[in-house]
There are 2 protein chains.
Amino acid sequence: MNYCYQYPHPAVTTDCVIFGFDGTRLNVLLIERGIEPYKGRWAFPGGFIRMEETAEECARRELREEAGLEAAYMRQFHTFSTLDRDPRERVITIAYYALVQLSEVVGGDDAARAQWFPLDDVPRLAFDHDAILRQAIAELRRQIHFEPIGFELLPPQFTMTQLQRLYEAVLGVKFDRRNFYNKMRHLGLLGESGETVTMPNRREAFLYSFNRESYDELKERGFRLEF
Amino acid sequence: MNYCYQYPHPAVTTDCVIFGFDGTRLNVLLIERGIEPYKGRWAFPGGFIRMEETAEECARRELREEAGLEAAYMRQFHTFSTLDRDPRERVITIAYYALVQLSEVVGGDDAARAQWFPLDDVPRLAFDHDAILRQAIAELRRQIHFEPIGFELLPPQFTMTQLQRLYEAVLGVKFDRRNFYNKMRHLGLLGESGETVTMPNRREAFLYSFNRESYDELKERGFRLEF
DNA sequence: CTTAATTGCGTAAATTTTACGCAATGTTTT
DNA sequence: AAAACATTGCGTAAAATTTACGCAATTAAG
């Protein structure tokens, strides 16, 4: 017990809700806890913050250590401070969500079990992680109106249908294919590679990519993504 | 130094950006610091979290103690964790913004100086509070698209022009008076009191009030406020 | 008494959203 | 092999919404 203070200090952790898209549904990556408390239950990767790192650095480190992932997009969305969150001591957690391509390899250094779960099939989680998940989804849905975060969940090249399925999965709605198509092309965020891909046993489909330059221009002029 | 831990713990504080509306401009409430560090500089009310209170409870307590205010609307928007935020020790702050009516009496228990500053006339602040302020404004602007938080900044009864000035101040844009009027009435969030008020040396104007029931109904059906 | 502000409506034009139509291509079924 | 079905790439007309103003009434100021 070498670290002493004049006043009580809570412990501070970060937790990271990792979203991935499997082509139809939104998934979250969970880690099976190997130690008490909540041993055997599923939880988000996360852990105690170190004195020489910021919260975001901590979240990225835990993501790497526990899930073996490097996330391109990461966003802090809420800090949870309920008194009895953790039975061991007062723990305040700064929560992030990350968007990754589901195809990426998953697996932690310490061989902890990591697994993707579709959003509508998530088991009961450890701590207050159920509440954290609900809020993460709400924030993701909110954020998608201001930034084209959907693109972070897709591979560099994707078809229009994939993109539509993604937005439908995140927002929980259905779009008319042709209207979605028109709207997306008008927005000017898409680059056409000119290439096509043969869909699984179906016909040819154009491949698009997210055009970050156009996006930055749009952002300068001020805009809002509507879906 | 009676509080000892096996691992180092950062200190945790809350800070509260308090917005008020003076009829033309958006203002923030600042407290002049009476002690080092940054003695004499202006800062947001805030302080260390206690072990028996949540972050929001802490923020409300500090608001009461340092500014003498009870805020109806309060929202956590970001947690700041840069390493050198505070010269004394590692301090992580959970930041909130509050919306209050500027008319409310201002003054802390400990006779600390509290003062309203228009957003475009804010002095250099203590700690990293400049950055916190910028982010608070950004969040307020974002949030106003999803919730009618503007009403929290006005008295229970207000004229259409007051409401328009408020939205213009928050979003930094100009609206056509007649279009704003039409849009607001169509939204159905307003209750008409039937009363009128004589504007300062001008003519009569209707008084409206925010109708929370209509708002809750709207929210159920899913909606978005557009301005 | 004229000018300038400010308030309460209303309305036509411009723009955006929504609802479908249709041909082409390839898979699956009969 | 033919028919039925699914999927993709366009378009386009109707519906709804947003935007740009018009206009009269009232009051203060010059």
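A salt bridge is taken here as a side-chain nitrogen of Lys or Arg within 4 Å of a carboxyl oxygen of Asp or Glu. The model is predicted, so local features need pLDDT of at least 70 and side-chain atom pairs count only at pLDDT 80 or more, while totals for chains, interfaces and linings use all residues. Residues are numbered from 1 along each chain as its sequence is written, chains are lettered from A and ligands numbered from 1 in the order in which they are written, and side-chain values use heavy atoms, with hydrogens and water left out.

**View 1. The interface of chain A and chain B, with its two salt bridges.** Chain A brings 37 residues to the contact and chain B brings 37 residues, where contact means heavy atoms within 4.5 Å. The size of an interface is often given as the accessible area lost when the parts come together. Here the buried area is about 3500 Å², and carbon and sulfur atoms give 58% of that area. Buried area is the accessible area (1.4 Å probe) that two parts lose on being put together, summed over both. On the side of chain A, the residues that lose the most area to chain B are A:Tyr3, A:His9 and A:Met51, together 18% of what that side buries.

**View 2. Polar and charged pairs between chain A and chain B.** One salt bridge joins B:Arg75 to A:Glu139, with 4.0 Å between the closest N and O atoms. Between the two chains, 21 residue pairs are in polar contact, both residues being at pLDDT 80 or more. A polar contact is a pair of N or O atoms within 3.5 Å; within protein, one must be able to donate a hydrogen and the other to accept it, and residues adjacent in sequence count only if both atoms are side-chain atoms. Elements of chain A that each supply at least two residues of the side touching chain B are strand 1 (3–5), strand 2 (11–21), strand 6 (73–80), strand 7 (91–99) and helix 2 (129–143). Helices (H or I, at least four residues) and strands (E, at least two) are DSSP runs, numbered from the N terminus. Strand 6 of chain A gives the largest share of that side, four residues.

**View 3. Strand 1 of chain A beside strand 1 of chain B.** The two strands run antiparallel and are joined by three bridges. Two strands pair if DSSP finds at least two bridges between them. A:Cys4 has B:Cys4 as its bridge partner.

**View 4. Strand 7 of chain A and its partners.** Nine of the nine residues of strand 7 of chain A are buried, so this strand is largely enclosed by the rest of the structure. Buried means under 20% relative accessible area, exposed over 50%, and partly exposed in between (1.4 Å probe, protein chains only). A:Val91, A:Thr93, A:Ala95, A:Tyr97 and A:Leu99 point one way from the strand, and A:Ile92, A:Ile94, A:Tyr96 and A:Ala98 point the other way. Strand 2 of chain A runs parallel to strand 7 of chain A, with nine bridges, and A:Thr14 stands opposite A:Ile94. Strand 6 of chain A pairs with strand 7 of chain A in the antiparallel sense over seven bridges; there, A:Arg75 has A:Tyr97 as its bridge partner.

**View 5. The surroundings of A:Ile132 in helix 2 of chain A.** A:Ile132 has a relative accessible area of 0% and is buried. Leaving aside neighbours within four places in sequence, A:Ile132 is in contact with A:Val17, A:Phe44, A:Phe77, A:Phe80, A:Arg85, A:Thr93 and A:Ala95.

**View 6. A salt bridge within helix 2 of chain A, between A:Arg142 and A:Glu139.** The N to O distance is 3.5 Å. The two residues are three residues apart in the helix, which means a separation of about one helical turn. A:Arg142 is partly exposed at 22% relative accessibility, whereas A:Glu139 is buried at 12%.

**View 7. Salt bridges between distant parts of chain A.** A:Asp120 pairs with A:Arg25, the closest N and O atoms being 3.5 Å apart. A:Asp120 lies in the loop between strand 8 (114–118) and helix 2, and A:Arg25 in the loop between strand 2 and strand 3 (26–32), 95 residues apart. A:Asp120 is exposed at 62% relative accessibility; A:Arg25 is partly exposed at 38%. A:Glu152 and A:Arg212 form another salt bridge, at 3.4 Å between the closest N and O atoms.
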